[in-house]
Amino acid sequence: MMTQEMQFKKIVAQYCEVKPEDMKNEMRFREDLGFSSLDFMSFLGELEDTFDVELEEDDVLQVLTIAEALEMMEKLQQEA
């Protein structure tokens, strides 16, 4: 079974040139992965659908790195 982290990185990979296995958790979406604002919004929508969570815009705006996004997802799933 694919880990949540790998599944998450596969989604990230659709929006950038970095392969999931080459991603480091400290990578930043905009600076390191080259996400545009539109990419980020599309990506978030896909996360919500894939992991069945509801993202709060205020929380999302604090997220800069892969690690922070994964942490946010875990918290949301625990609360669900």
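Where does Asp 22 lie? Some notes on that and the rest of the fold follow.

1. Asp 22 sits in the loop between H1 and H2 (helices here are DSSP runs of H or I with at least four residues, numbered from the N terminus). With 41% relative accessibility, Asp 22 counts as partly exposed, a label that covers values between buried (under 20% relative accessible area) and exposed (over 50%), with a 1.4 Å probe and protein chains only. Its C-alpha atom is separated by 9.6 Å from that of Lys 9, and the two residues are 13 apart along the chain.

2. A word on the source. This is a predicted model, in which local features need pLDDT of at least 70 and side-chain atom pairs count only at pLDDT 80 or more, while totals for chains, interfaces and linings use all residues. Residues are numbered from 1 along each chain as its sequence is written, and side-chain values use heavy atoms, with hydrogens and water left out.

3. Now for the inside. The largest nonpolar core has 27 residues, and Phe 8, Phe 29 and Phe 43 touch the most other members (such a core is a set of buried Ala, Val, Leu, Ile, Met, Phe, Trp, Tyr and Cys residues joined through side-chain atoms within 4.5 Å). Helices H1 (4-13), H2 (37-51) and H4 (66-79) are the elements that give two or more residues to this core, and H4 provides the largest share, six residues.

4. Take a look at Phe 29. Leaving aside neighbours within four places in sequence, its contacts (heavy atoms within 4.5 Å) include Phe 8, Val 12, Phe 40, Phe 43 and Ile 66.

5. H2 is a nice one to check with a ruler. Its 15 residues should span 21 Å at 1.5 Å a residue, and the end C-alpha atoms are indeed 21 Å apart (the expected span is 1.5 Å times one less than the number of residues).

6. Which residues of H2 are buried? They are Phe 40, Phe 43, Leu 44, Leu 47 and Phe 51. These residues cover an arc of only 105° around the axis, so they are on the same side of H2 (the arc is that of the directions from the helix axis to the C-beta atoms). What covers them includes H1, H3 (57-61) and H4. The face of H2 turned away from this buried side carries the exposed residues Leu 38 and Asp 49.

7. One last detail: just after H2, Asp 52 takes a positive phi of about 55°.
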